[in-house]
Amino acid sequence: MNTNTNTNTNTKVTEQTEVDTVIVGGGQAGLALGYHLAQQKRDFVILDAHGRVGDAWRTRWDSLRLFTPTKYDGLPGMPFPGDRNSFPTKDDEADYLEDYAARFRLPVHTDMRVDRLWPENDRYVVTSGTHRWVGQNVVVATGGCQKPRLPAFAAELGSDVVQLHSSAYRNPGQLQPGAVLVVGLGNSGAEIARELSRTHPTWLAGRPSAELPIRHGRMAARFALPLVRFLGMHVLTLGTPIGRRSAPNFTAHAAPLIRTKLSDLTAAGVRPTSRVAGVSDGKPLLEGDQVLDVANVIWCTGYREEWEWVDAPVFDAAGRPQQLRGVVESAPGLYFLGLEFMFAAASATVTGACRDAKYLAKRINVASPRPTHSGVSQMSPGDTRREGHR
């Protein structure tokens, strides 16, 4: 790794680092790939926007537990500690990732939110603030949960209504007294609504795509979830006819309810309601012109992928990266990792991301030695320093 530190005429320090591979994203996918590259003795860096390794998990709501048991939550070379059929908390997973990066001495640079990525000559340039990395290869391992998705009318809610996206929700203490409306019935919406029902009258708007037809827990971890994992890893893949047929529907709909089912919500006193159609007088307006008088709204409406910071013509009309198992054929040296159904239904899970990382590690180009140039490298014309969520 060659590093040049330079000072321009405005005494602003710019650090340029030349490496074989830049990995953008230090979650489980980026760390798993880093492990394999380290085994190959490759020259690479991992850039992560958070202050600590694992913070993408730490910043989720306090009571969150993983849906997969411990035996499926580890990364290559280091099993997840503890009871193999238990379900770790989000903080357990975060601490494990931090320990993993330390154990294998992975070159993770925290507090590095990437502003822009673009091709320049026969390499790629990645910038974060005053830092600039130049690499033969770049792997975008930021995953799909990048920018919270909110309906446009959310801004019309009255200032007296506390509203949070699920990404900002931590616990019921953030809400004010009074009823709460949870919008969206995926796994996040179901679990948050059930938790809030203990302290607030709770309404829930949305319909689940499906439910896991078994009771989640230790017995499922021993007998049923291994079958689910097998289906998600080996049957529902782009390598099988059934997988190719199911992929578009899989990415278009929320995952089935796993731990918290409709019967659990009913038993907890959560009241179902119709779809939210807009806002009237500062309050949620439901289909049928019913105005719901609530003091709080939690938007469990998911995320959208945000690739504006990737300045390369590698996206389709829907804005999705055009890649096959993470390899972008139209842009040699550019790769993606951790996407929904990148190769299999399990691609966005810890287990699936680890398999995809092992595959990519074998496909990433080996850079030939290149000279290091002194002096400040100039940004290409039109650098807008667009900020993304990494």
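**Exercise 1. Aromatic pairs.** State how many aromatic pairs the structure holds, then describe those of Y100.

*Solution.*
Step 1. The structure holds nine aromatic pairs. Rings of Phe, Tyr and Trp (its six-membered ring) pair if their centres lie within 6.5 Å; planes under 30 degrees apart are stacked, over 60 edge-to-face, and the rest tilted. The model is predicted: local features need pLDDT of at least 70, side-chain atom pairs count only at pLDDT 80 or more, and totals for chains, interfaces and linings use all residues. Residues are numbered from 1 along each chain as its sequence is written, and side-chain values use heavy atoms, with hydrogens and water left out.

Step 2. Take Y35 and Y100. Their centres are 6.3 Å apart, with 45 degrees between the planes, and the pair is tilted. Y35 sits in helix 1 (residues 28-39) and Y100 in helix 3 (residues 90-103), 65 residues apart. Helices (H or I, at least four residues) and strands (E, at least two) are DSSP runs, numbered from the N terminus.

Step 3. Take Y96 and Y100. This pair is also tilted, at 6.0 Å centre to centre and 40 degrees between the planes. Y96 and Y100 are about one helical turn apart, because four residues separate them in helix 3.

Step 4. Check burial. Y96 has 3% relative accessibility, so it counts as buried. Y100 has 0%, so it is buried too. Buried means under 20% relative accessible area, exposed over 50%, partly exposed in between (1.4 Å probe, protein chains only).

Step 5. Assemble the cluster. Y35, F80, Y96, Y100 and F104 form one aromatic cluster.

**Exercise 2. Salt bridges.** Find how the side chains of D95 and R58 meet, and which residues are linked with them in a network.

*Solution.*
Step 1. A salt bridge needs a side-chain nitrogen of Lys or Arg within 4 Å of a carboxyl oxygen of Asp or Glu. The whole structure has 18 salt bridges.

Step 2. D95 and R58 form one at 3.1 Å, N to O. D95 lies in helix 3 and R58 in helix 2 (residues 55-58), so the bridge ties together parts 37 residues apart in sequence.

Step 3. Compare exposure. D95 is partly exposed at 35% relative accessibility. R58 is buried at 14%.

Step 4. Extend the network. Salt bridges link R52, D55, R58, D95 and E98.

Step 5. Turn to D83 and R218. Their side chains meet at 2.6 Å, N to O. D83 is in the loop between helix 2 and helix 3, and R218 is in helix 5, 135 residues away.

**Exercise 3. Nonpolar core.** Identify which residues touch the most other members of the largest nonpolar core.

*Solution.*
Step 1. A nonpolar core is a set of buried Ala, Val, Leu, Ile, Met, Phe, Trp, Tyr and Cys residues joined through side-chain atoms within 4.5 Å. The largest one has 75 residues, and L33, I298 and L334 touch the most other members.

Step 2. List the contacts of L33 (heavy atoms within 4.5 Å). Beyond its neighbours within four places in sequence, L33 contacts I23, V139, L337, A357, L360, A361 and I364.

Step 3. Look for another core. A second, separate one has 16 residues, including L157, L286, L292 and V294.

**Exercise 4. Positive phi.** Is D289 buried or exposed?

*Solution.*
Step 1. D289 is not a glycine, yet its phi is positive, near 65 degrees. D289 lies in the loop between strand 14 (283-286) and strand 15 (290-291).

Step 2. D289 has 66% relative accessibility, so it counts as exposed.

Notes
Contact = heavy atoms within 4.5 Å.
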